[in-house]
Number of protein chains: 2
Amino acid sequence: MSTLFLRTLRDDPADAEVPSHKLLVRAGYVRRVAPGIYSWLPLGLKVLAKVEAIVREEMDAMGAQEVRFPALLPREPYEASGRWTDYGPNVFRLKDRRDNDMMLGPTHEEFFTLLVKDLYSSYKDLPVSLYQVQTKYRDEARPRAGILRGREFIMKDAYSFDIDDAGLSASYQRFREAYVRIFDRLGFEYVVVHAQSGAMGGSASEEFLAVSDTGEDTFVRSPGGYAANVEAVTTVVPDPLPYDDVPAAHAEQTPDTPTIDTLVAHLNEAFPRDDRPWQASDTLKNVLVVLRHPDGTREPLAIGVPGDREVDPKRLEAVVAPAEIEPFEEKDFAAHPALVKGYIGPGVLGVESVSGIRYLTDPRVVEGTRWVTGANVLGSHVIDLVAGRDFTSDGTIEAAEVRPGDPAPDGSGPLELARGIEMGHIFQLGRLYAEALGLQVLDENGKLVTVTMGSYGVGISRAVAAVAEYAHDDLGLCWPAELAPYDVHLVVAGKDETLVAAGDGLYDDLRAAGLDVLYDDRVGKVSPGVKFKDAELIGVPRIVVVGKGFADGVVELKDRATGERVDVPVGEIVARLTS
Amino acid sequence: MSTLFLRTLRDDPADAEVPSHKLLVRAGYVRRVAPGIYSWLPLGLKVLAKVEAIVREEMDAMGAQEVRFPALLPREPYEASGRWTDYGPNVFRLKDRRDNDMMLGPTHEEFFTLLVKDLYSSYKDLPVSLYQVQTKYRDEARPRAGILRGREFIMKDAYSFDIDDAGLSASYQRFREAYVRIFDRLGFEYVVVHAQSGAMGGSASEEFLAVSDTGEDTFVRSPGGYAANVEAVTTVVPDPLPYDDVPAAHAEQTPDTPTIDTLVAHLNEAFPRDDRPWQASDTLKNVLVVLRHPDGTREPLAIGVPGDREVDPKRLEAVVAPAEIEPFEEKDFAAHPALVKGYIGPGVLGVESVSGIRYLTDPRVVEGTRWVTGANVLGSHVIDLVAGRDFTSDGTIEAAEVRPGDPAPDGSGPLELARGIEMGHIFQLGRLYAEALGLQVLDENGKLVTVTMGSYGVGISRAVAAVAEYAHDDLGLCWPAELAPYDVHLVVAGKDETLVAAGDGLYDDLRAAGLDVLYDDRVGKVSPGVKFKDAELIGVPRIVVVGKGFADGVVELKDRATGERVDVPVGEIVARLTS
């Protein structure tokens, strides 16, 4: 440590919110260069290399073959797949000196597809699975949390190529098993959830999430074993209700009730129900947003949800991708005078309506359900508006928030919500890219068939942060043995020549035994206290202290994670650490 | 090989000129994605990893510490060093979604400097040497030769940081020794030459060149051991000559002599000398070019060289960098009516002259030398124009070509010329970046001093091509053992079940013995001839053939490079290959 390129910091970086970001910077693993763009210092690079090695080992073991694509990519293949436009502002685009359009690759589906097309031509060549460990780029709107969500990051991405659906299923299964092995080795708690495949299309889709309170992703799980990310949860659709006995809809004065709470209070005061009080869930809230499509066009959209639920921005984003969500602004209200803010009802919504605004409703709004909703007049709501009788929408949308206790779609019980970090994503991509780019091979009968693909990603640099997020305490990082930058952290606690000589000797002995040792040989003003603090912060799993006990022939062996300390005779410490 | 992601190609790629480019593509090591941008296929990636490993081992062994910077970099540090502008069109620039200027890093001097500034503050922290293995970008005007000169490439770059010049010299020497070890291991013929440090400034500067007829760089060497790249060769300046007896300059009619050859012929016919015939070296040729400065401004420049030498574009480029060279066009002649094309002489050149064009002359144009040169009149030249008497220039310039037989600047004999590929560059950068970016530390007396730096680069991806360029023959590649993608290429030459079973068994035995084996287990239409051809093309150093001799208990062991074949008893082949 007297020569290691490392300075630990006492203070958290100003922009850090989550523990992994604070600790990886403070302990000298990474250093910020620009928003969402980091340098790796020696300690960080060692952990990163270990994550890479685990992923490579498991990919090689399952028969995937490593290649490496460039990061700087020409426009044409992205144009052919439609993604040059679909990516919108989320990628880095540039021009070269000859004015050619280029992109810094956020993913490489097109190029894997073209490479297989380039080299292979027969069903005999398949299946094949290829992967790369490579630097990728996304121009995140809000880069955050250090290397957890950066703009330049390292991913392992892989693709399987099969002649038919059965082959794809088999390849998918093999990757899934390899992923379980990878995530078991990475050493954090994780969960495999059903997922939407987002902008990428495709069918079967699962995410590997690191369970973490600071995670950006919300997932659900049920007692019966259902697990999904919140974007993938489908609403259990109730049966239609009979409505022959429901009175005709009637508009009522509801002054000063622009919110659901004020509306429910007013209803209970002015129009009390016989059976029970009015609830938020009796109301139908109509939320307006604007979709910005990748080509730049803006499309207003109205979403009807039960008044006790918010629209979940992430679920909405997932369902409208590649379009992005923008607020419905004053200018949009001005353009649609039929919309009375706070009192908007289905009567002015829908492509056939006066506003022409597309109107999608929550799947719970089934035929026969009765709603209180806006009457499209200031200070007025309609009561007893029956879906299917008094209004229809242009379709349903899975955009309402999922709440604890909601039923799992597979009937496996009530859902609980938790947070996680997306660490891996595997999904059956199908023939989307093969069709767009013409990847066909001859089948057994000499007929050209389109290849079907699977897509399998792991966040390599993100995994370093995810492990740090999982394995730390108030004092610092606590790396699992397989990912730690060193096997042992050796501290000489004192300036005494005998201690220093003992430390030097032990350092040599431990290294001779094949251990990778971080040796705190700093002398001068660095006190034992500072050394201990640094050792806790850096987080090597086993700390050996040559200190007071040395006179009695013992060194202290400390387990970083549990804090457990034992005195070990000097002569036994090497054997103890290598056993 | 029945499952390896590989297709060898019979034909050279259309755009390939040099052997390494042809062979690396044909043998399935790399594949083009865009001009100067390549993907690495499994075989190529294995060789690349071996080059990386050699470089890392030698860097670690000499005590340099590995870090990794991003490739996508903010503008500000480049602005502070002046390189945002200096790079001109040779880099990729882009804007992020917030309109921030960014660059894809061609080198990282600024960021290494800032990182050390960020973490270190005292002379006690120094010396320190840092390196990275990283993907870099240059928007080459003419990407060529496959991965030999690409726009996205992998480099190891390193920097040393010292408190004083003596420290820098010591660091430089340690890197130089490590470089010798690296290049000895890479296995191609190389030479260490004095070099210009180009746009980067600095003093001591050496290049490691792979000797290769197809190299882009020309270097010189003398019998006495002088070696330099052609840009770094300094002209041996002759002593001034007495000119008291030289007649006054006199203009003569020389119609239709716009070239040196026509001029010399005319002189010998119309104005024959007594002592000897006129030679091209008696004439002074004035060459016009335009410098385009990084800020976009154009500056005309006149260069006077003896008529028997051309201006060498590379030497000129090096000396005017960061300006670039453009042709002096018709519009430039139009802007300077005093210039008579083909008959331009010193009389109209120089910043004080009628044209105002800066005029630099070859160092051989010393005081007292006599020249025939343009009279600035169509069809007329001046004879007996004496430097220092009849004209002066604005200075000298090292832009004339170096020719075999020219004297070495250190007096070590006549130079011979050869070609090479620049593989490494080490130089004493000095305080340029530390001053620009404020990298100072406290010295022993508590005084702030500016740190001095060395810069040390190796082309990692280029090394793969350089080895291929060196180690190949008409049949294909011939990798040295340390870089070969596999240790052994095992071929089953026949479809006979006994042979196949023997091949399978041998494959297992060789792998069990720790060898990395490429096993050509292809059956069906792949003939032994095709397998042999592929083995020659791919270039694994040792080829084992299980074929005809197997019935007699032997397999054939072939040395790829020498072509030597021996029969080895089956029972001895593993021992033979592992010994």
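**Exercise 1. In this predicted model, find how many residues of chain A are in contact with chain B, and describe the side of chain A that takes part.**

Solution. Start with the count, taking two residues to be in contact if their C-beta atoms, placed from the backbone, lie within 7 Å. With that cut-off, 39 residues of chain A meet 40 residues of chain B.

Next, look for the elements of chain A that give two or more residues to this side: the strands are β1 (30-34), β2 (37-40), β3 (65-66), β4 (72-74), β5 (92-95) and β7 (128-137), and the helices are α2 (42-61) and α5 (109-119).

Finally, sort the chain A side by class, which gives 26 nonpolar, 10 charged and 3 polar residues.

**Exercise 2. Now stay inside chain A: which domains does the assignment give, and how do domain 1 and domain 2 touch?**

Solution. First, read off the bounds: domain 1 (48-233 + 416-461), domain 2 (250-386) and domain 3 (488-578). Then take the centres of domain 1 and domain 2 of chain A over C-alpha atoms; they are 37 Å apart. Their contact draws 8 residues from domain 1 and 9 residues from domain 2. On the domain 1 side, the classes are 2 nonpolar, 4 polar and 2 charged.

**Exercise 3. Work out the strand order of the sheet in chain B that contains β13, and say which strands lie at its edges.**

Solution. Begin with one pair: β13(B) and β19(B) (380-386) run antiparallel, joined over 4 bridges. Within this pairing, B:His250 has B:Ile383 of β19(B) as its bridge partner.

Now add the third strand: the order is β13-β19-β18 in an open, antiparallel sheet. The edges are β13 (250-253) and β18 (370-377) of chain B, each pairing on one side only. To finish, neighbouring strands of this sheet are turned by 30 degrees against each other on average, direction ignored.

Methods:
Residues are numbered from 1 along each chain as its sequence is written. Chains are lettered from A and ligands numbered from 1 in the order in which they are written. This is a predicted model: local features need pLDDT of at least 70, side-chain atom pairs count only at pLDDT 80 or more; totals for chains, interfaces and linings use all residues. Two strands pair if DSSP finds at least two bridges between them. Axes are lines fitted to C-alpha atoms, for helices over the stretch in contact, and angles run from 0 to 180 degrees between N-to-C directions. Ala, Val, Leu, Ile, Met, Phe, Trp, Tyr, Cys and Pro count as nonpolar, Asp, Glu, Lys and Arg as charged, and the others, Gly among them, as polar. Domain bounds come from an automatic or database domain assignment.
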